[in-house]
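Reader: I've got a model to go through with you. Pick a place to start.

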Amino acid sequence: MESALSLRAVTKRFGPITAVEDFSLEVVRGTIFALLGPNGAGKTTIIRILTTLLRPTSGTALVEGFDVQHEGKRVRRLIGVVPQENNLDRYLTARENLLLQARLHGMAPAESRRRIDELLELVGLVGRQHDFPDTFSGGMQRRLVVARALVHRPRVLFLDEPTTGLDPQSRRAVWEYIESLKDSMTIFLTTHYMDEADALCDRIVIMDHGRALVDGTAARLKERMAHAHVYELQFRANAERYEAMLGGFPFVRSLRRTGDTFRLCLAGEESLKPLMDAIGTDDIRKLCLLEPSLEDVFIELTGREVRE
Ligand SMILES: Nc1ncnc2c1ncn2[C@@H]1O[C@H](COP(=O)(O)OP(=O)(O)OP(=O)(O)O)[C@@H](O)[C@H]1O
Ligand SMILES: [Mg+2]
């Protein structure tokens, strides 16, 4: 079976920066694929190559079998794109933004009207359809961009962080919609919400520094961490002091803090005793063993350093 998307040894350089390096990938039709990675990993660059906005420095990219460099026009007809930054036309109302998209894709007026009504309903913007995007909240603009990407019923939908800035209700609404589309199209998304990738995607690639690190289902990736010992540790007091201590132990492989609660990944069960001996039990409110999450896998692979 032909893949919906394929990247073959794609490299993209911007002067001295290598944003994507020798990247190969095949995405099966009708699946939801997620590309994850820290800031600057190369995710948007890959989407821009697949959506014909950037030329690869070397390698080949195909969408539904069409070469993005030589058959760009055919590729653009088949795809819908939700870019990382909202790029609505601010001088057009919400409805006009959707109509413009329909016209660009040569849709008949009656069909465009029906389709646009349906999409406005879906993203909850019927009441605001005659307003300008500048008067919308960030979440409303995002939902409009999602609707616009779907007007012409694309065969492949690219979503670059579709739910960033959305409230939990809108995020779930977008998820439900993405799931419902799955049978009719291939979906390629990037996200920084690990729960989103876990819940939605058939397959996940985690990348960093332009290269793929792992590839598989969420369950498969979490199995990699089956050996890992992830604990939640909550303190009654002195969390600052404990943070410094925990960060200094060689057997603490990763550490995340939320208030007075830490999520830590230990090198093994045998690390628990030296840990407890070192920190004592005076200030501990709670200690429990957790199931590894996709975020644990992500941090394990990409490290704790914040990216520039
Ligand atoms: N037009 C450009 N000119 C120069 N460098 C660029 C350009 N676009 C991207 N880069 C560089 O390429 C690298 C990858 O960027 P990219 O936008 O693909 O990352 P990303 O994974 O989408 O990150 P984020 O999660 O922050 O959106 C970064 O180092 C970035 O600075
Ligand atoms: Mg990006």
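**Cysteines, metal and pocket**

Author: Cys288 is partly exposed, with a relative accessible area of 25%. Partly exposed lies between buried, under 20%, and exposed, over 50% (1.4 Å probe, protein chains only).

Reader: Ground rules first?

Author: This is a predicted model: local features need pLDDT of at least 70, side-chain atom pairs need 80 or more, and totals for chains, interfaces and linings use all residues. Residues count from 1 along each chain as written, chains are lettered from A and ligands numbered from 1 in written order, and side-chain values use heavy atoms, without hydrogens or water.

Reader: Back to cysteines. How many disulfides?

Author: The structure has 0 disulfides (cysteine sulfur pairs within 2.5 Å). Cys265 is in none, and its nearest cysteine sulfur, in Cys288, is 14 Å away.

Reader: Why no bond for Cys288?

Author: Its closest cysteine sulfur, in Cys265, is 14 Å off, so that is too far for a bond.

Reader: And Cys265, buried or exposed?

Author: Cys265 is buried, at 1% relative accessible area.

Reader: Switching to the metal. Which protein atoms hold magnesium ligand 2?

Author: Thr44 (OG1) and Gln84 (OE1) are its protein donors, 1.9 to 2.1 Å from the ion. Donors are N, O and S atoms within 2.8 Å of the metal (3.2 Å for Na, K and Ca); water is absent, so sites may look incomplete.

Reader: Where do those two sit in the chain?

Author: Thr44 is in helix 1, and Gln84 is in the loop between strand 6 and helix 3; they are 40 residues apart. Helices (H or I, at least four residues) and strands (E, at least two) are DSSP runs numbered from the N terminus.

Reader: How accessible is Thr44?

Author: Thr44 is partly exposed at 25% relative accessible area. Gln84 is partly exposed too, at 34%.

Reader: Now pockets. What's the volume of the largest pocket?

Author: About 610 Å³, taken as the space filled by probe spheres on grid points joined across faces, edges and corners. A pocket is an open set of points on a 1 Å grid over the protein atoms alone, fitting a 1.4 Å probe, with protein on both sides within 12 Å along at least five of seven lines; lining residues have an atom within 4 Å of a point.

Reader: What lines the largest pocket?

Author: It has 25 lining residues; Leu53, Val81, Pro83, Asn87 and Arg148 lie nearest its centre. Helix 1 (43-50), strand 6 (79-82), helix 3 (94-104) and helix 5 (138-150) each give two or more.

Reader: Overall fold numbers?

Author: The protein has 11 helices and 14 strands. Of its 308 residues, 50% count as buried. The C-alpha box is roughly 75 × 45 × 35 Å along the principal axes.
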